[in-house]
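Colleague: I am new to this structure and would like to learn how to read it. Could you walk me through some features, starting with how helices pack?

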Amino acid sequence: MHSSICSPISSPSQLLLKPSHNLAMGFGLLPTPKFSVKKSPSSSSPKALLSTAKESVLKEFHEKRALKIISGLQNFDRDNVASVVTAADKGGATHVDIACDPELVKLALSLTSLPVCVSSVDPAAFIAAVEAGAVMVEIGNYDSFYEKGVLFSPEKVLNLTKETKRILPSVTLSVTVPHTLSLPDQVKLAELLEKEGVDIIQTEGGKCSNPSKPGVLGLIEKATPTLAAAYSISGAVKIPVMCSSGLSTVTAPMAITAGAAGVGVGSAVNRLNDVVAMIAEVRSIASSLGGASADRHSPYEEETLRRLCNNM
């Protein structure tokens, strides 16, 4: 059970600010010793602490059960962000993704002990958010830019990645591969991002999909671009792939089957009118992931996904 709103628990990000704190004990990985132990100089170094924090952030990805709830890259509405964070916390998500603003980070950390990710396309903006307690940064969630006619080329994404790695070399980094690229080009970019030291590749595509059918068929149609990208990219890289954009309770398990290590959900939650409805939606998605197979995909599912990719 995650922390309540009234009694927040110290987050992994807060522990990063205290080099003397034993991070492994803070996460409950080791029992508290009943005797004094003389630590080596490197055991409590900032580098060691950051490494331990990164392992904690990536744990659910390695277990193929990560669920990141996204409030929106340009959503600075404190009330809405608070509702989304609360829904993520109470609904069973593993991560929460908010706009890159230090005050929003502090707000999120007062409501949850989940790892907080911040999204931006300005690497310099990440610094203040990380200092405020964010433990993961995301270059992506480009939808609001597409609406303005702004596109992101592979070169642009790579330059943003290199700059972020330069200024925050030890912070967990996720990068979205633009759906505006062809599938082969998305795969090539993902491979280059892996070489640059990115920790997570995120896919997208819901915005470009216009379902022609209602109900379940429409939900599957809407998720097809991001599912195809997750399938293609996960077969080409070794780092975790997060399938995001256009996902629902119906299609989130398909993302895991397609090879994703986790799913990112935004509008299905953040556009709801009240926090109770948000919590219910997050719970529904988390429950659907609980039933997803740990295997990558069966031969039948593989053939279905291959057809989806070929039709892109």
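Modeller: Gladly! Two packed helices are described by the angle between their axes and the distance between the axes. In this predicted model, take helix 8, residues 154–167, and helix 9, residues 183–195: their axes cross at roughly 15° and come within 11 Å.

Colleague: How are helix 8 and helix 9 oriented, roughly parallel or roughly antiparallel to each other?

Modeller: Angles under 35 degrees count as roughly parallel. Helix 8 and helix 9 are therefore roughly parallel to each other. As for handedness, their crossing is right-handed.

Colleague: Which residues of helix 8 and helix 9 make the contact?

Modeller: On the helix 8 side, look for Pro154, Val157, Leu158 and Thr161. Helix 9 brings Leu189, Leu192 and Leu193. Sorted by class, this contact has six nonpolar residues, one polar residue and no charged ones.

Colleague: Thanks! I'd like to try a second pair. At what angle do helix 4 and helix 5 pack?

Modeller: Helix 4, which spans residues 78–91, packs against helix 5 at an angle of about 40°, and the two axes are 9 Å apart. The crossing of helix 4 and helix 5 is right-handed.

Colleague: And which residues make that contact?

Modeller: Helix 4 contributes Arg78, Val81, Ala82, Val85, Thr86 and Asp89. From helix 5 come Glu103, Leu104, Leu107, Ala108 and Leu111. By class, seven residues of the contact between helix 4 and helix 5 are nonpolar, one is polar and three are charged.

Colleague: Now a single residue, please. Where does Leu114 lie?

Modeller: Leu114 sits in the loop that links helix 5 (102–111) to strand 3 (116–120).

Colleague: Is Leu114 buried or exposed?

Modeller: The idea here is to compare relative accessibility with a cut-off: buried means under 20%. Leu114 has 4% relative accessibility, so Leu114 counts as buried. You can also compare separation in sequence with separation in space: Leu114 and Gly92 are 22 residues apart in sequence, and their C-alpha atoms are 9.9 Å apart.

Colleague: Let's step back to the whole protein chain. How many helices and strands does the chain have?

Modeller: The protein chain has 14 helices and eight strands. It has 312 residues, of which 51% count as buried.

Colleague: What about contacts and surface?

Modeller: For contacts, consider residues at least 6 apart in sequence: 70% of such contacts in the protein chain join residues at least 24 apart. The accessible surface of the chain is about 14300 Å², and carbon and sulfur atoms account for 56% of that surface.

How values were computed
Residues are numbered from 1 along each chain as its sequence is written. This is a predicted model: local features need pLDDT of at least 70, side-chain atom pairs count only at pLDDT 80 or more; totals for chains, interfaces and linings use all residues. Side-chain values use heavy atoms; hydrogens and water are left out. Axes are lines fitted to C-alpha atoms, for helices over the stretch in contact, and angles run from 0 to 180 degrees between N-to-C directions. Helices (H or I, at least four residues) and strands (E, at least two) are DSSP runs, numbered from the N terminus. Angles under 35 degrees count as roughly parallel, over 145 as roughly antiparallel, 65 to 115 as roughly perpendicular and the rest as oblique. A crossing is left-handed if the near helix is turned anticlockwise from the far one by less than a right angle, and right-handed if clockwise. Contact means heavy atoms within 4.5 Å. Ala, Val, Leu, Ile, Met, Phe, Trp, Tyr, Cys and Pro count as nonpolar, Asp, Glu, Lys and Arg as charged, and the others, Gly among them, as polar. Buried means under 20% relative accessible area, exposed over 50%, partly exposed in between (1.4 Å probe, protein chains only). Accessible areas come from the Shrake-Rupley method with a 1.4 Å probe; for residues, only the protein chains shown count as cover.
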